[in-house]
Amino acid sequence: MATPRVFVIRHGETEWSLNGRHTGTTELPLTANGEKRIRATGKALVGDDRLIVPRNLAHIYVSPRKRAQRTLELLDIGCAEKLPWEERRKHDEESIRTNACVQITEDIREWDYGDYEGITSPQIKEQRAKEGLGHWDIWRDGCPGGESPEQITERVDRLIDEIRSKYHAPVIGKPKGEAKAGDVLVVAHGHILRAFAMRWVQKTLKDGPTFLLEAGGVGTLSYEHHNLDEPAILLGGSFMVDVAENAVADSKKSEAYYEGR
């Protein structure tokens, strides 16, 4: 039976992610190494016999920040429609691999760090010590001049509710042959995707930073027992060998057809 998934991908490396500076609203490009690694991720994890099967994607959400949008471009998902920030589609018809639409949403933009934008955790610790403040925990305290954990929870919960009702509820538990595409891809940022994962499994943000997600990292969320009421973290999944075998079989049929003409 079908069990839809959500793939979360953190944008590739930037200069600030490399040196630990908190990057919320600031626009920064990916480093050359960041671009290289995201291209490699796309080749390794996206395809008919890979973790993320483009034809199984129902929808793609991406942050408004350019570093996330560039990451989506480099993954080479092969969308039928042009990306929202493009004037025209960059790939040809033969490169189309999914009919999933791409949506830019504020609900998955990075945490607004407010006064802590652009500085590192050690710098924040030093600054708070001078101000006579205690240990800082973003999951408990939020960011002065920025967003609170409650505000983050509100917007990621809104997105989770939309994904479950709009894309997962119609397909979960149905025979695979009858279920339409139901997987969802989310391309965004470190803190917001960790918050998203915590709320996916109904943990409060104050429960702490249970999950880590490196720059360019990929995570998978799904359900137990084909049940929408049992959200889970998928620690490891098999590649879609059946899809790959079907694709190879279709290719052989096409070759045989043309050889016989």
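User: What does the side chain of Thr153 reach at 2.8 Å?

Analyst: The backbone oxygen of Pro149. In this predicted model, local features need pLDDT of at least 70 and side-chain atom pairs pLDDT 80 or more, while totals for chains, interfaces and linings use all residues. Residues are numbered from 1 along each chain as its sequence is written, and side-chain values use heavy atoms, leaving out hydrogens and water.

User: What makes that reach from Thr153 to Pro149 a polar contact?

Analyst: A polar contact is a pair of N or O atoms within 3.5 Å; within protein, one must be able to donate a hydrogen and the other to accept it, and residues adjacent in sequence count only if both atoms are side-chain atoms. The Thr153 side chain lies at 2.8 Å from the Pro149 oxygen, so the distance is within the 3.5 Å cut-off.

User: Why is Thr153 called buried?

Analyst: Buried means under 20% relative accessible area, exposed over 50%, and partly exposed in between (1.4 Å probe, protein chains only). Thr153 has 18%, so Thr153 is buried.

User: Which residues is Thr153 in contact with, leaving aside neighbours within four places in sequence?

Analyst: Happily, a short list: Arg199 and Leu205, where contact means heavy atoms within 4.5 Å.

User: How do you know that E2 and E3 pair?

Analyst: Strands, which are DSSP runs of E with at least two residues, pair if DSSP finds at least two bridges between them. E2 (residues 57–62) and E3 have four bridges, in the parallel sense, so the pairing criterion is met. Tyr61 stands opposite Gln103 in E3.
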